[in-house]
Structure formats: C-alpha cells, structure tokens
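Reader: I'd like a close look at one part of this model, the charged side chains and what surrounds them. Could you walk me through it in one go?

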Amino acid sequence: YSTRTTTAGWNATYTAVENYTYNSKSYRAFKMNGKKGGLGKITSPLFSDGCSAISFVYGQTHKDAIKFDVKIYDKNNVELFSKSYSASKPDAAPTAGVLVEETITGVEGDFYVVFANTSTSTSTSNGYRVSIMNVCITSAGGGTEEPVLSSIEISGDLTNKTYEEGDELDL
C-alpha cells in the first residue's frame, strides 16, 4: 500500500491498485486499506460547473467487513454531501469480489469528491479493505457519462482476467 497520483489528478493514500471485471469490462481499481494508522483515502481533482450524477462501483474483495464514507466538498472545502457505506464480513473471501454500484445526484458548482476508509480496526495488519472503481460524472446538462478515473482504466483485451488478490500495478 502506498501513495499514488493519477495523470488525471486523483490522489490516493494507503492504496493498492487491482484488476476487476465489471459488466464485462476490465478496470483497475484503487483498493483502500483499513488498518489502524493506514486508512486509505482517494481524493478527486476539482471539477467545474456541477453535475447531474456521480456514479461509482465499490467492491468487497477480501474476507473483511468494510466501512467507508463518500463526501463531496465545494471549492472552499465546505461539505456538500456525506454518506457512509458498510458491509458485514462475508463467510468466505469472494472469488471475484462483491461489487455494488451507487449513484449520487445533483451537485452544483465546483466540487471535489473524497472516498475514505473509516474502519475502526485496531489491527496494524492489512485488512478491512474496500475498492473503488469506475467513477463516472454526468455533466449538469445530462451529457455523456464517462469514467473520470480513466487513467487507471485498463486498456486492451483482458476479458479472461478477473480480480486476483494481491495484484499491484504501476499507474
């Protein structure tokens, strides 16, 4: 787990990068750690002129309970939106991840998004990990939805590749 900055200006701390297949398309996702003293966080660059929707997929890919927040701030760091997400510890590690799609609607003005692992684990070992992928922003005018984390989107034919635990890829 390390600190990364994408070419599109997303900053990620205490994260790894992993491969996922979602809706028959392969992606790289940021996996946020949840250990004590190393909680993962992903922060977007500043987006202008609001949006009609922000969608993203989160994944539970290990035998970990997960807990994280999504917050949206304006350019003056005033919180516009906050929501907490959680999932209980599964009985077994998912073979391809448990993936959930979420959508947040109606953000006005200039804004940025923060995904933060909020695990309350007291363990100093890696755990309580959650992955964030396929973050898309639809313009306020209802324009085409495009992934804004495109710099970590996998290109090429990876249709036969699914998530593999421990994958760490350079951005």
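Author: Here is a walk from one buried acid out to the salt bridges and then into the core.

Keep in mind that this is a predicted model. Let's start at aspartate 69, which sits in strand β8. Aspartate 69 is buried, yet it has no salt bridge. The nearest side chain of opposite charge belongs to lysine 71, and that is 4.4 Å away. Why doesn't that pair count as a salt bridge? Because the cut-off is 4 Å between a Lys or Arg side-chain nitrogen and a carboxyl oxygen of Asp or Glu, and 4.4 Å falls outside it. What aspartate 69 does have is a polar contact of 2.6 Å, side chain to side chain, with serine 84. Setting aside close sequence neighbours (up to four places), aspartate 69 is in contact with Lys83, Ser84, Val114, Phe115, Ala116 and Thr118.

Thr118 is worth a stop. Threonine 118 belongs to the loop between β11 and β12 and is partly exposed, at 21% relative accessibility. With neighbours within four places left out, threonine 118 is in contact with Lys67, Phe68 and Asp69. Threonine 118 also has lysine 41 at 9.2 Å, C-alpha to C-alpha, although 77 residues separate the two in sequence.

Back to lysine 71, whose salt-bridge partner is glutamate 79, at 3.6 Å from N to O. Both ends are partly exposed: lysine 71 has a relative accessible area of 24%, and glutamate 79 comes in at 42%.

How many salt bridges turn up in the whole structure? The search finds three. Another of them pairs lysine 83, one of the contacts of aspartate 69, with glutamate 102, at 3.7 Å between N and O. Lysine 83 is in strand β9 and glutamate 102 in strand β10, so this bridge ties together parts that lie 19 residues apart in sequence. Lysine 83 is partly exposed at 35%, whereas glutamate 102 is buried, with a relative accessible area of 19%. That 19% is under the 20% cut-off for buried.

Then there's aspartate 110 with lysine 75, whose closest N and O atoms are 3.8 Å apart. Here the partners are in loops: aspartate 110 between β10 and β11, lysine 75 between β8 and β9, so parts 35 residues apart in sequence are tied together. Lysine 75 is exposed, at 53% relative accessible area.

Now for the nonpolar side of things. The largest nonpolar core has 25 residues, and the members touching the most others are Ile54, Phe56, Phe68, Phe111 and Phe115. Two of those names have come up already: Phe68 as a contact of threonine 118 and Phe115 as a contact of aspartate 69. Elements giving two or more residues to this core include β7, β8, β10 and β11.

Phenylalanine 111 is a good place to look around. Beyond four places in sequence, phenylalanine 111 touches Pro45, Leu46, Phe47, Gly50, Cys51, Ile54, Ile72, Tyr73, Asp74, Leu80 and Ile137. Cys51, from that list, is buried at 3% relative accessibility, and cysteine 136 is buried too, at 5%. As for disulfides, the structure holds zero.

Key
Residues are numbered from 1 along each chain as its sequence is written. This is a predicted model: local features need pLDDT of at least 70, side-chain atom pairs count only at pLDDT 80 or more; totals for chains, interfaces and linings use all residues. Side-chain values use heavy atoms; hydrogens and water are left out. A nonpolar core is a set of buried Ala, Val, Leu, Ile, Met, Phe, Trp, Tyr and Cys residues joined through side-chain atoms within 4.5 Å. Buried means under 20% relative accessible area, exposed over 50%, partly exposed in between (1.4 Å probe, protein chains only). Helices (H or I, at least four residues) and strands (E, at least two) are DSSP runs, numbered from the N terminus. Contact means heavy atoms within 4.5 Å. A disulfide is a pair of cysteine sulfur atoms within 2.5 Å. Lys and Arg count as positive and Asp and Glu as negative; His and the chain ends are not counted. A polar contact is a pair of N or O atoms within 3.5 Å; within protein, one must be able to donate a hydrogen and the other to accept it, and residues adjacent in sequence count only if both atoms are side-chain atoms.
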